[in-house]
Amino acid sequence: MKILVAFTNKKEHLLRALAGAWGSETSIALFNPALRFHDEFLRSWNPDSVTADSWFVDWKSSPLRSLPEQEVVVFCTSGTTGRMKEVILRKDACRFNLHTLRRHLGLDESFTTLGLPPLFHAFGFNLCFLQALDLGAAYLPLEKFSSTALEAKLRPEKKVFLPLVPQMIEALDFSPFSDL
């Protein structure tokens, strides 16, 4: 089995590659671009020393080789308690999370999903990008989180799925629920 390994630098190219991997029997491993300069990471996830933003590695050559081959998504923790750590979820577990959220919030393809960075974190990838992809809904990536950028993306949209963590809400200069 192949694993698409990617840094989250060039979003447009990456989004197409991720959509292809999500819809196929390919595992996905997304990483913070800061790891590009981390020797231990590069030795373990990039044995062929590829210099591109994304590449494929064989399961048997990856750090996952001791696990049974299965379709997975590898995310990073935020690193708030030390160094970032890889977190592995099976694709079917990701789909379960998406369907549970969709049922709970009543989301459908008419919603535009606002993509919040970073994609290498479960929040940005699973709750934002995969939710839109799985629904067949529009996905608007937000390159940089700021009140101005958020307001500019929200204003023209009719129905928006806007997943925010508490720190993001506190950072806003406006209330997205009343000011638009």
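This report describes the fold, the strand pairing and several buried residues of a predicted model.

## Overall architecture

The protein has six helices and eight strands, and from the N terminus on these elements follow the order β-α-β-α-β-β-β-α-β-α-β-α-β-α. Along its principal axes the C-alpha trace spans about 50 × 30 × 30 Å. A compact globule with 180 residues would have a radius of gyration near 16 Å, and the 17 Å of the protein agrees with this.

Of the 180 residues, 41% count as buried. The accessible surface of the protein comes to about 9600 Å², and carbon and sulfur atoms contribute 55% of that surface. Among contacts in the protein with a separation of 6 or more, 64% are accounted for by residues 24 or more positions apart.

## Strand β1 and its partners

Strand β1 covers residues 2-7, and because five of its six residues are buried, it is largely enclosed by the rest of the structure. β1 pairs with two strands in opposite senses: with β3 (residues 54-58) the pairing is antiparallel, over five bridges, whereas five bridges join β1 to β2 (residues 27-31) in a parallel arrangement.

Individual residues illustrate both pairings. On the β3 side, I3 stands opposite V57, while on the β2 side L4 stands opposite I28.

## The three-stranded sheet

A separate description applies to an open sheet of three strands, which has the order β7-β6-β8 and parallel pairing. Here β7 and β8 (160-161) stand at the edges, and because each has a single partner strand, one side of each is left without a neighbour in the sheet. Strands of a sheet pair through backbone hydrogen bonds, in either the parallel or the antiparallel sense.

β6 and β8 are joined in the parallel sense over two bridges, and the bridge partner of T113 in β8 is F161.

## F111 and T112 at the start of β6

F111 is found in the loop between α3 (91-105) and β6, and T112 lies in β6 itself, which comprises residues 112-115. F111 has a relative accessible area of 15% and T112 one of 8%; since the limit for counting as buried is under 20%, both residues are buried.

Leaving aside neighbours within four places in sequence, F111 is in contact with G106, A137, A138, K159, V160 and F161. The C-alpha atoms of F111 and A137 are separated by 6.2 Å, although these residues are 26 residues apart along the chain. With the same kind of neighbours left aside, T112 is in contact with A138, L140, E157, K159, V160 and F161. A138, K159, V160 and F161 thus appear among the contacts of both F111 and T112.

## Aromatic pairs and helix α4

The structure holds five aromatic pairs. F129 and Y139 form one that is edge-to-face, with 5.2 Å centre to centre and 80° between the planes. F129 lies in helix α4 (residues 122-135) and Y139 in strand β7 (residues 139-141), so the pair ties together parts that are 10 residues apart in sequence. Both partners are buried: F129 has a relative accessibility of 5%, and Y139 has a relative accessible area of 18%. Ring pairs link F129 and Y139 with F75 and F125 into a cluster.

N126 also lies in helix α4, and with a relative accessible area of 4% this residue is buried. Apart from its neighbours within four places in sequence, N126 is in contact with F75, C94, N97, L98 and Q131. F75 is therefore both a contact of N126 and a member of the aromatic cluster that includes F129, a residue that counts as buried.

## A charge over a ring

Another interaction that involves an aromatic ring is formed by R95 and W22. The charged end of R95 sits over the ring of W22, 4.5 Å from the centre of that ring.

Technical notes
Residues are numbered from 1 along each chain as its sequence is written. This is a predicted model: local features need pLDDT of at least 70, side-chain atom pairs count only at pLDDT 80 or more; totals for chains, interfaces and linings use all residues. Side-chain values use heavy atoms; hydrogens and water are left out. Helices (H or I, at least four residues) and strands (E, at least two) are DSSP runs, numbered from the N terminus. Buried means under 20% relative accessible area, exposed over 50%, partly exposed in between (1.4 Å probe, protein chains only). Contact means heavy atoms within 4.5 Å. Rings of Phe, Tyr and Trp (its six-membered ring) pair if their centres lie within 6.5 Å; planes under 30 degrees apart count as stacked, over 60 as edge-to-face and the rest as tilted. A charge sits over a ring if NZ of Lys or CZ of Arg is within 6 Å of the ring centre and within 35 degrees of the ring normal. The radius of gyration is taken over C-alpha atoms; the globule rule is 2.2 Å times the number of residues to the power 0.38. Accessible areas come from the Shrake-Rupley method with a 1.4 Å probe; for residues, only the protein chains shown count as cover. Two strands pair if DSSP finds at least two bridges between them.
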